[in-house]
Amino acid sequence: MAEYREVPIYDIPLRLQGKDDKVHKRPKPHIDAATYKSNYQASITKVDEFWGKLGRETIDWDVPFKTVRHGDFEKGDVAWFPEGQLNASYNCVDRWAYKCPDKTAIIWEADEPGQGKEITYKELLSEVSQVANALLDMGIRKGDAVIVYLPMIPEAAIALLACARIGAVHSVVFAGFSADSLRDRTVDCDARVVITTDEGKRGGRTIATKSIVDAALKECPKVEHCLVVKRTGSNVEWQEGRDKWWHEAAAAQRPYCPPVPVSSEDPLFILYTSGSTGKPKGVVHTTAGYLLGTALTVKHIFDVHEDDRFACMADVGWITGHSYIVYGPLMNGITTLIFESTPVYPTASRYWEVVARHKITQFYTAPTSIRLLRRLGEEHVQGHDLSSLRIIGTVGEPINPEAWDWYNENVGKKECAVVDTYWQTETGAHMIAPFPGATKTKPGAATVPFWGVELALLDPTSGQVLEGNEVEGVLAVKQPWPSMARTIKGDHQRFLDVYMKPYPGYYFTGDGAARDKDGYIWIKGRVDDVCNVSGHRIGTAEIESALIQHPGVSESAVVGVPDEVTGQSICAYVALKPSFSYDSEDALVKELVLQVRRNIGPFAAPKMILIVNDLPKTRSGKIMRRILRKIASNEADQLGDLSSLADPSVVEKLKGDWLKKA
Ligand code: WT7
């Protein structure tokens, strides 16, 4: 059992104890401790009754479902509410456009402070409809894939909802991915339409989105249309016939588009994520279960009420943006914020200015941002009115108790619930997180499972279930839950192999976790070859296959090493071909970094590259990453058992090389 810093248990803050606070008029949380417990039991033992009721209450159906849950992990044939038909865009937009047309749906905080705009639900319905009609005009129909390569502008949410409105499947590619990555993803899903901007803006800099798309589309013969949002108005290359301005295409359309009913199990979107092998996986989420999971977690983990203004600082390019900027908040009919900038632009007070300016009630970010802001000093938080906040959350990686405390004290003023939310691209919605009115928190613990999430800790080698408290193992899930991914685009076998095969009968998360004496879950991080840099998942194999494409590289091994701010950083060991000659090592290292940036995207660039003669291998030729990880973490004195090494002198040489470089 791992050692923890002795952490206090925080009681539920007074602001959230449901005492009627006359000054701030804070709403009483939806769920108290007893309700959480009884609901949780029902959610895993009376699946049909519990989820049937929530399915009916949370979603507006065109055709009601009869069956609640079908299928199991082993066959991978999971389906929720299979006979039901619905439309995601109707559920996120129309319901509120009719009920509260003038309520703000989207607040856009542009890169330059104070710029941006607000969009009401009524306006959102018109804009989504016009773009949906424009897509129909381009020949897009139910089931067709549309690539979205957009920075953080309202059109990103509008594009997603427009696709959903006509049953098209969106595949968002984070606008930090390179042309090569964009091309691969576009080809993989046979997209005929790509949506982008002329340029993006972030932190005072411009991003050449359109020219990246142009480069990618050179090798995407099936793409017929490129819809371009005008963000900066700069001159961009234009391919007549293919390229169309978004505002012109939309203006030509009727501002109402009838929503197309789809099956509960029709795909809503594809989102690529990294695994332990080279090729990213196109994770497929379907419609009803995903909407239910995101709607309920927004309602209960963030305890949202009607007038709340929800700010998730992630990018729409990742699952966090899909679930907690677009679908989850809009399913609840609240106001969601789209943030174009960075936590430090123009100053390290930016987040807190945003909270104060828009009277944000829930604020959601990544531990890496908190660690960065903590390092820059609490003076940046002071002097901003953060009294509107009730819940502050984190996601993406384990949060160290020091960062948690800092967040709680400086941002939450010890009056907000701090929710550390554990989940994955594949889980669609939160899996482990405290309920603000029900769960006492411990800094660093993700705490308790969400409804329907039956967890198991397994012995990594035997697969035996570890019962009781004070145990540590790999984290798995025992029964299907509504928002889980259903397959990998074009490769269902891989879906089964990666998630269902390692521990038969369970969904395997790829994370290690511990259960403490009180039954709380602590996430320990990935147990596979996946790194987590600033809350972004990057497979080491992907970076290795980028490096190997450089003409000089014969072999490489990439490892994640602990980093104070980004959680982990990437370190690459590169062995060169004997025939390859070069002038300066510095220049070569720069070239290698560029290779990764070009191949994957800037966010995947190694922080450190070490040119080496040989990599440490077992006698059967397997690279011993454990050793490389230790050396790069400055723990070369704790290399452990080296008896399986083919050539021990390689390690001695590496240690020397590392010391010279570090
Ligand atoms: C991996 C999933 C889910 C949205 C962001 C990342 C790690 C995520 C936590 C947390 C500890 C966390 C896990 C997981 N992770 N949240 N609260 N505590 N670890 O999505 O790219 O699919 O990555 O992120 O390792 O497996 P993703």
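User: Hey, which residues lie nearest the centre of the largest cavity?

Analyst: Those are Gly-293, Phe-450, Trp-451, Trp-481 and Ser-483, out of 13 lining residues. Keep in mind that this is a predicted model, where local features need pLDDT of at least 70, side-chain atom pairs count only at pLDDT 80 or more, and totals for chains, interfaces and linings use all residues. Residues are numbered from 1 along each chain as its sequence is written, and side-chain values use heavy atoms, with hydrogens and water left out.

User: What counts as a cavity or a pocket here?

Analyst: The search uses a 1 Å grid over the protein atoms alone. A cavity is a set of points where a 1.4 Å probe fits but cannot get out, while a pocket is an open set with protein on both sides within 12 Å along at least five of seven lines. Lining residues have an atom within 4 Å of a point.

User: What's the volume of that largest cavity?

Analyst: About 70 Å³. A volume is the space filled by probe spheres set on the grid points, which are joined across faces, edges and corners.

User: And which helix gives the largest share of its lining?

Analyst: Helix α9, residues 288-301, with 4 residues. Helices here are DSSP runs of H or I with at least four residues, strands are E runs of at least two, and both are numbered from the N terminus.

User: How does that lining divide by class?

Analyst: The largest cavity has 9 nonpolar, 4 polar and no charged residues in its lining. Ala, Val, Leu, Ile, Met, Phe, Trp, Tyr, Cys and Pro count as nonpolar, Asp, Glu, Lys and Arg as charged, and the others, Gly among them, as polar.

User: How many cavities are there in the whole structure?

Analyst: The search finds 4 of 30 Å³ or more. The second largest has a volume of about 50 Å³, and its lining includes Leu-86, Asn-87 and Thr-287. By class, that lining has 7 nonpolar, 3 polar and no charged residues.

User: OK, switching to pockets. What's the volume of the second largest one?

Analyst: About 610 Å³. Its lining has 26 residues, and Tyr-36, Tyr-40, Pro-449, Arg-515 and Gly-519 lie nearest the centre.

User: Which element gives the most to that lining?

Analyst: That's α1, with 6 residues. Both α1 (33-45) and β21 (455-458) supply at least two. The lining of this second largest pocket splits into 14 nonpolar, 6 polar and 6 charged residues.

User: Now the ligand. How many residues surround it?

Analyst: There are 18, and the closest are Asp-420, Thr-421, Thr-425, Asp-511 and Arg-537. A residue counts as near if one of its heavy atoms lies within 4 Å of the molecule. That shell has 6 nonpolar, 7 polar and 5 charged residues.

User: What does Asp-511 do there, distance-wise?

Analyst: An N or O atom in the Asp-511 side chain is 2.5 Å from an oxygen atom of the ligand. For Asp-420, a polar side-chain atom lies 2.7 Å from a ligand nitrogen. Glu-397 uses a backbone N or O atom instead, 3.3 Å from a nitrogen atom of the ligand. The cut-off for a polar contact is a pair of N or O atoms within 3.5 Å; within protein, one must be able to donate a hydrogen and the other to accept it, and residues adjacent in sequence count only if both atoms are side-chain atoms.

User: Where is the cis peptide bond?

Analyst: It joins Tyr-345 and Pro-346, with omega at about -10°. Pro-346 sits in the loop between β17 (335-339) and α11 (350-358).

User: And what's the phi of Phe-81?

Analyst: Positive, about 55°, although Phe-81 is not a glycine. You'll find Phe-81 in the loop between β2 (79-80) and β3 (85-86).
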